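Please examine the interior of the model shown here.

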Amino acid sequence: NLAYIAYFILLILFVIFIIKMRERNLIKEKRILEANVLRRTEEIARQKKHAEESEEKLRSTINSLDDILFVLDEKGHLQEFYNPRQKNTHFIIPELDKGKHFSTIRFPKGVIPKFEKAFKSFQDEDKIMEFDHHFIDTNKVYWYNTKISPKRNQDGKLNGLVIVAREITDRKESEEKLAQQKQELDELNTTKDKFFSILAHDLKN
């Protein structure tokens, strides 16, 4: 009986020892887990702060530009539209237009085929497409320079387009004036040459 009692006591002590060891390990694991959670929380907070700072820098950069920015998804639906300070009144797109296909949004007709071509050509290449185009609004011609570049995911697959448009009406008008002045100057030089040629011929006679 004494041996049985001693065995029983030892068994109880062993069980208590196992329980204590398990409690100690659980406390240790809990501390490690809390430390990992805290470290991960701090890391997420840093990443969030960095993302917010990057977003703010991007927003400030975009707002400082006169360019108009469109972002289309892989199916050609409008994702984002930036028109800093609403300076350009030809491209004020309502929030309701977000999510719509570019063919249903108010783009100049000549630009739509360019977008379609870009989706096809950018499947295998990253060459930026650039072109000048114009449209008429209230009997005035407005010119724009537009650049289209591909937007890709981490696997390199095309998942949309980034379109940047800049109004160049003043530049085009200046170029036309210079071309007109050059033509007038060329005509004046031609007339002058003819006059001196006739004058020289008359003097000889």
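The questions below concern the core, a cavity and one lysine.

Tutor: This is a predicted model, in which local features need pLDDT of at least 70, side-chain atom pairs count only at pLDDT 80 or more, and totals for chains, interfaces and linings use all residues. Residues are numbered from 1 along each chain as its sequence is written, and side-chain values use heavy atoms, with hydrogens and water left out.

Student: Which residues of the largest nonpolar core touch the most other members?

Tutor: A nonpolar core is a set of buried Ala, Val, Leu, Ile, Met, Phe, Trp, Tyr and Cys residues joined through side-chain atoms within 4.5 Å; buried means under 20% relative accessible area with a 1.4 Å probe, protein chains only. The largest core has 24 residues, and those touching the most other members are Ile148 and Leu161.

Student: Which residues nearest the centre line the largest cavity?

Tutor: A cavity is a set of points, on a 1 Å grid over the protein atoms alone, where a 1.4 Å probe fits but cannot get out; lining residues have an atom within 4 Å of a point. Ten residues form the lining, divided into eight nonpolar, two polar and no charged. Nearest the centre lie Phe107, Val111, Phe115, Thr146 and Ala165.

Student: Why does Lys172 count as buried or exposed?

Tutor: Lys172 is found in helix 3 (residues 169–204), helices being DSSP runs of H or I with at least four residues, numbered from the N terminus. Beyond its neighbours within four places in sequence, Lys172 is in contact (heavy atoms within 4.5 Å) with Asp132 and Trp143. Because its relative accessibility is 16%, Lys172 counts as buried.

Terms used:
Buried means under 20% relative accessible area, exposed over 50%, partly exposed in between (1.4 Å probe, protein chains only). On a 1 Å grid over the protein atoms alone, a cavity is a set of points where a 1.4 Å probe fits but cannot get out, and a pocket is an open set with protein on both sides within 12 Å along at least five of seven lines; lining residues have an atom within 4 Å of a point. Ala, Val, Leu, Ile, Met, Phe, Trp, Tyr, Cys and Pro count as nonpolar, Asp, Glu, Lys and Arg as charged, and the others, Gly among them, as polar. Helices (H or I, at least four residues) and strands (E, at least two) are DSSP runs, numbered from the N terminus.
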